[in-house]
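User: I want to learn how labels such as "buried" or "salt bridge" are earned. Please show me the structure and let me ask about the reasons.

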Amino acid sequence: MKTKSLLSTASLALAIAAFSASAQAQIAIGHLADYSGGTSDVGTPYGQAVADTFAWVNKNGGVGGKQLNVDTNDYGYQVPRAIALYKKWSAPDSKVAAIMGWGTADTEALTGFLAQDKIPDLSGSYAAALTDPEGVSGKAKPAPYNFFYGPSYSDSLRAMLMWAAEDWKAKGKPGKPKFVHMGANHPYPNAPKAAGEAMAQELGFEVLPPLVFALTPGDYSAQCLSLKSTGANYAYLGNTAASNISVMKACKTAGVEVQFLGNVWGMDENAAKTAGDAANGVIFPLRTAVSWGGDAPGMKTVMEISKMSDPTGKVYRPVHYVAAVCSALYMKEALDWAAKNGGATGDNVAKGFYQKKDWVPAGMEGVCNPSTWTDKDHRGTLKVDLYRTKIAGATDGELNDLMAKGAIKLEKVKTIELPRKPELLGW
């Protein structure tokens, strides 16, 4: 009996040692995804791309010979659930090297904890408050461990307003153009509100009182009638595509003549398909140099990654998928640097983001826009590529077919390079 007991103890010790060795041979990553909540319409393709990219990385050798252990969770766009997951990921015995985050409300709620625990978070939120690592602007708390790929919501809106001012002038319209901010009373749509309204005033717009509509689809006829009565010429849609579609359709029915400016999550190929001709002419920013199937060397890599969840290669991937591939590969290369420079700890991973200037991940040439992060400024890029949706005919059918035959087009309008003004850091 004693011998058997000793063997059991030895077996247990060996099992624990094996488990510990296995854990040490992996790099833990937390992944917040919205597959079921208020932003799931755009969260689903983005989250799928993050999962596909890390699966592809693992298939091709991982990071520094270690596999990525990615803990993907659908948190339903609920801040309390994000905080609960963060507590797990920051616990000493299960601390992650980094987090691929998602929403503005939860990312901003975690900013202080990320700094305290030294865990970098590359989020799907592009709130300008996350770009000030030292808090020198005084507009938000220091965010030294927050990163994102693409221009901030504020900078995208500034660029769209610059385009709108030129558009108004080109049309030879009399008087001041009128601008209105539309969206839910929520941290995400509100993130660029002050910056946008300040820019609009600077450019000579008349700024109208904001119009509120929920993050969920619904009947927004009342908002459209209000929009019509104000005589607004340019309206910023601050929500994700699902509720924006409801607004665009209701406003078309109400005969509203307005130029919609969509935020980066507010328009994509799926939204254009669902909204049909109500989405025609919407101006919005694209984070990547090309969309799905675009003529770029790096598109081959994107298509390889896509096959991780679509072996047939037939699924059309919207703009958010392509942007998420870029985001995940920036994280992968920051992890690479950390693994070679003291190990993939959160602190080292954050330093990994500062190692390159005009950085494009390997194999993504012509897809990801060059980005530069420094320990003083987390505005990775100030380049804003503006696109216009073009709807030509009916939009029922498979998205692949609609895009191939030109029923839906994303037409490039203008690239605006904003100046890197220190006074605009953080808002």
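User: What makes Lys376 partly exposed?

Analyst: Lys376 has a relative accessible area of 48%. Buried means under 20% relative accessible area, exposed means over 50%, and partly exposed is in between, with a 1.4 Å probe and protein chains only. The value of 48% falls in between, so Lys376 is partly exposed.

User: What should I know about the model and its numbering?

Analyst: This is a predicted model, where local features need pLDDT of at least 70 and side-chain atom pairs count only at pLDDT 80 or more, while totals for chains, interfaces and linings use all residues. Residues are numbered from 1 along each chain as its sequence is written, and side-chain values use heavy atoms, with hydrogens and water left out.

User: Why is the contact of Lys376 with Glu134 called a salt bridge?

Analyst: The closest N and O atoms of Lys376 and Glu134 are 3.0 Å apart. A salt bridge needs a side-chain nitrogen of Lys or Arg within 4 Å of a carboxyl oxygen of Asp or Glu. The 3.0 Å value is within 4 Å, so the name fits. The whole structure holds 15 salt bridges.

User: What does the salt bridge of Lys376 and Glu134 tie together?

Analyst: Lys376 lies in the loop between H13 and E12, and Glu134 in the loop between strand E4 (121-122) and strand E5 (146-147). The pair therefore ties together parts that are 242 residues apart in sequence. Helices (H or I, at least four residues) and strands (E, at least two) are DSSP runs, numbered from the N terminus. Glu134 is partly exposed, at 39% relative accessibility.

User: Is Asp167 buried or exposed, and what about its partner Lys171?

Analyst: Asp167 has a relative accessible area of 14%, so Asp167 is buried. Lys171, at 48%, counts as partly exposed. Their side chains meet in a salt bridge, 3.1 Å from N to O.

User: Where do Glu197 and Lys193 lie?

Analyst: Both lie in helix H7 (residues 193-202), four residues apart, about one turn of the helix. Their closest N and O atoms are 3.7 Å apart, which makes a salt bridge. Glu197 is buried at 17%. Lys193 is partly exposed at 23%. Elsewhere, salt bridges that share partners join Asp377, Arg379 and Arg420 into one network.

User: How many aromatic pairs are there in the whole structure?

Analyst: The search finds 20 aromatic pairs. Among them, Tyr46 and Trp102 form a tilted pair, 5.2 Å centre to centre with 45° between the planes.

User: Why is the pair of Tyr46 and Trp102 called tilted?

Analyst: Rings of Phe, Tyr and Trp (its six-membered ring) pair if their centres lie within 6.5 Å; planes under 30 degrees apart count as stacked, over 60 as edge-to-face and the rest as tilted. The value of 45° is neither under 30 nor over 60, so the pair is tilted. Tyr46 is buried at 2%. Trp102 is buried at 5%.

User: What makes the pair of Phe353 and Trp373 edge-to-face?

Analyst: Phe353 and Trp373 are 5.6 Å apart, centre to centre, with 85° between the planes. That angle is over 60, so the pair is edge-to-face. Both residues are buried.

User: How do you know that Arg287 sits over the ring of Trp265?

Analyst: The charged end of Arg287 is 4.4 Å from the ring centre of Trp265. A charge sits over a ring if NZ of Lys or CZ of Arg is within 6 Å of the ring centre and within 35 degrees of the ring normal. The 4.4 Å value is within 6 Å, so the distance cut-off is met.
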